[in-house]
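Biologist: I've got a model open and a pile of labels I'd like to challenge. Can we go through them one at a time?

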There are 2 protein chains.
Amino acid sequence: MVIVPLAFIIQNAFMPGSNITLKQLSSILGVSISTISKALNDSHEISDATKKRIVEMAKLHNYQPNKIAVGLKSGKTNTIAVVIPSVQNSFFARALYGIESLISETNFNIIVCLTKESHIKEVETFNMLSNGVVDGFLVAVSEETQNLQNYDHFTNAIANGKSVVMFDRVVDAVNCGKVTTNDFSALSEATQKLISSARQHIVLLSTIHKLNVGQQRAQGYIKAMNASGLSPKILESDDQHVGEVMTEYLNNNPVDAIIALDTDASLAALKAVKTNSKQIPEDVAVIGYVSERMARNLTPELTTINQHSYTIGNAAATMIVEAIRSKSKDMNQVVISSTLSVRGSS
Amino acid sequence: MVIVPLAFIIQNAFMPGSNITLKQLSSILGVSISTISKALNDSHEISDATKKRIVEMAKLHNYQPNKIAVGLKSGKTNTIAVVIPSVQNSFFARALYGIESLISETNFNIIVCLTKESHIKEVETFNMLSNGVVDGFLVAVSEETQNLQNYDHFTNAIANGKSVVMFDRVVDAVNCGKVTTNDFSALSEATQKLISSARQHIVLLSTIHKLNVGQQRAQGYIKAMNASGLSPKILESDDQHVGEVMTEYLNNNPVDAIIALDTDASLAALKAVKTNSKQIPEDVAVIGYVSERMARNLTPELTTINQHSYTIGNAAATMIVEAIRSKSKDMNQVVISSTLSVRGSS
DNA sequence: CTGAAAGCGCTTACAG
DNA sequence: CTGAAAGCGCTTACAG
């Protein structure tokens, strides 16, 4: 007969939802903690009979292993930090969705940290999570970090044995997994396409000229323009003033096509052309970067360069899970090609 | 003289970024682990001299306490789960931004989990994180959970001693902290405002009729319409077909105002009216739900009901941090009022 | 003022 | 096949 201590009964009676531990199960079953642990982990050392008894009792009490304790013991937390500049940008929102979808099918969790393009915030995040909290980092590098070119927090994390995968915003100088898109050639092709439809005065509108991706896209545009003997014209602004900048330019220059490099610029371009009483796409063609869903609800429907953000997120998540599980150091690079979705605006 | 074991030197020599532990510091300093722990926690038990020595050495080696170990010992993890349906919806994206902004100023971290409106996913998330991983949950209840009215995962978490705060999507039946907006009266006022500008045929367009918040808004609209002797007309659809539904109705019925309850419906309403060759706002006024930033970039600029999503997220985060810290059980409710931002479309 | 010991909830060599 | 012991990295009552 097993004597169950009174204190235990009381505790269980009054805390029905309270999480039960191996120790408590041990005193209920009259079996050692080690045996229970092994049984629940389906060790071959334990007889089928006891396994059965233990598993049933564990189920009855809704036993859930304490992840923190497992993490401390194993040195693994099964948690991945997703460090991104923002989540209000539809690219990152959808990439995060792609990441989460993949991760939720594994036994990993994700911690999301928003850097707001701040280097300090990014560094603090890495420092705070490097010690025991996460197994790896999925990061889209902040604008400020790109400008400062200070990458110690990345290399330290890697030196600490953490897996690091960069996506979209990557840094060549850091040796880690990378998932990017072909920004240069996507823009070059889109520009080429406009040129082959006899557009001559093609303007690039950007609020992301400080970012690597923005520069890559601009280079692709410039290359295509130059290749056709056309002179590139790049308008740069911030999200507050991009509309004014576009309108101002439209009022004083010939324009028959606009390529806008982000959501704000895309909406602003549509608005500026309409306000200018020009027809889209007859007078001015517009190609932009917005989500597919939004593109379909705009007037006219917007031709977009589709970055496949979900796929990028998914690929990055796949890569880091693989890296953590295999502990391999040789990191590969994946490029998810952007594609042009032609709609009414071009 | 302190004898430093060779193994330790090698380890340090070859793993410069590796996280140092109290044990290692102890062997470097020749002081016990307990003393070091107390010194680093600024205990009054330790003399200033040793404190200084210890703190300096800790800094030199960039000592960071292992959060997992601290969490296991204290039973607190300083981590909060944010469980939301999606992050592609601008409301949740911005609310998450508000949450993160508040949390990042505390010593808490957030784990973000996306339920995709699935009850099962929500339940699994709660089960998975309840045992040791998080101290509390910040949740916007999924559509499916609202329909099934199965709230056991919430009450279990609360019984397990976790703090729970619901925001935007709340469940009255669960006794926890709540942050909401005044959906009913916001719609009632917006409708009233249209009526007082002599609009008669005011249509409500919604893709969120299955959600509590959608129903509340619809009720506010109905009340205002009835109060003025007008007959309410509610068009319901999903985000794929909302445009067709609106266009179809416009083609066959008199309409002089549209209130759209979400971003998809708002863009679709603008598009449908324009396609129908009607003028906004002269022929048809449009009021919608989109972010301020997007509203300003639409043509015409959209009058919106502004939910103050950032503030809602911030308030919810404040509430749960407070709840966790104080361990108080009496949960309060906060209402952040929505406001009407009048722009060109009405 | 400092340190040894116990313990948070687990896992896993090692004995028996 | 089962269990006692050590240990993951910390904190904290308790001795000295």
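What follows is a chat about what the labels on this structure rest on.

Modeller: One thing up front: this is a predicted model.

Biologist: Fine. What makes the relation between chain A and chain B a two-fold axis?

Modeller: Look at the operation that lays chain B on chain A: a rotation of 180° with 0.0 Å of shift along the axis, and an RMSD of 0.0 Å. That is the relation of a two-fold axis. If you want a landmark in chain B, the C-alpha nearest the axis belongs to Ile111(B), 2.1 Å away from it.

Biologist: How do you know that the copies meet through the same surface?

Modeller: Compare the two lists of interface residues: 100% of those in chain B are interface residues in chain A too, so the same surface is used by both copies. The contact takes 43 residues from chain B and 43 residues from chain A. On the chain B side, the elements that each give at least two residues are α5, α6 (90–103), β2 (109–114), α9 (152–159), α13 (263–275) and α14 (292–297). By class, that side of chain B has 19 nonpolar, 18 polar and 6 charged residues.

Biologist: Now the DNA. What makes Ser32(A) one of the residues that surround DNA strand D?

Modeller: The cut-off is a C-beta atom, placed from the backbone, within 6 Å of the strand. For DNA strand D, 23 residues pass, and Ser32(A) is among the closest, along with Ser34(A), Ser34(B), Asn66(B) and Ala69(B). DNA strand C also has 23 residues around it, the closest being Ser34(A), Asn66(A), Ala69(A), Ser32(B) and Ser34(B).

Biologist: Which helices supply the surface near DNA strand D?

Modeller: α3 (33–40) and α5 (67–74) of chain A, plus α3 (33–40) and α5 (67–74) of chain B, with at least two residues from each. For the surface near DNA strand C, α3 and α5 of both chain A and chain B again each give at least two. The classes near DNA strand D come to 9 nonpolar, 10 polar and 4 charged, and near DNA strand C they are 9 nonpolar, 10 polar and 4 charged.

Biologist: On to the sheet in chain A. Why are β7 and β12 of chain A said to stand at the edges?

Modeller: The order of this open sheet of 6 strands is β7-β6-β8-β9-β10-β12, with mixed pairing. β7 (233–236) and β12 (339–341) of chain A each have a single partner strand, so one side of each has no neighbour in the sheet. From one strand to the next, the twist averages 20°.

Biologist: And how do you know that β9 and β10 of chain A are joined?

Modeller: Pairing asks for at least two bridges. β9 (residues 285–288) and β10 (residues 303–306) of chain A have 2 bridges and run parallel, so they qualify. In one of the positions, Gly288(A) has Thr304(A) as its bridge partner. Helix α11 (residues 212–227) of chain A packs on this sheet, touching β6 (202–206), β7 and β8 (257–260), at about 175° to the direction of β6(A).

Biologist: What makes β5 of chain B mostly covered?

Modeller: Buried means 20 or more other C-beta atoms within 10 Å. In strand β5 (residues 177–181) of chain B, 5 of its 5 residues are buried. Gly177(B), Val179(B) and Thr181(B) point one way, Lys178(B) and Thr180(B) the other, and all are buried. β5(B) also pairs in the parallel sense with β4 (residues 163–167) of chain B over 3 bridges, and 4 bridges join β5(B) to β11(B), again parallel. Across from Thr181(B) in β11(B) stands Ile336(B).

Biologist: Last one: why is Met331(B) called partly exposed?

Modeller: Count the other C-beta atoms within 10 Å of Met331(B): there are 18. Buried needs 20 or more and exposed needs 12 or fewer, so that count falls in between. Met331(B) sits in the loop between α15 (309–326) and β11 (333–336) of chain B. Beyond its neighbours within four places in sequence, Met331(B) is in contact with Asn175(B), Cys176(B), Gly177(B) and Ala323(B).

How values were computed. Residues are numbered from 1 along each chain as its sequence is written. Chains are lettered from A and ligands numbered from 1 in the order in which they are written. This is a predicted model: local features need pLDDT of at least 70, side-chain atom pairs count only at pLDDT 80 or more; totals for chains, interfaces and linings use all residues. Axes are lines fitted to C-alpha atoms, for helices over the stretch in contact, and angles run from 0 to 180 degrees between N-to-C directions. Two residues are in contact if their C-beta atoms, placed from the backbone, lie within 7 Å. Copies are superposed by least squares on the C-alpha atoms of residues with pLDDT of at least 70 in both. Ala, Val, Leu, Ile, Met, Phe, Trp, Tyr, Cys and Pro count as nonpolar, Asp, Glu, Lys and Arg as charged, and the others, Gly among them, as polar.
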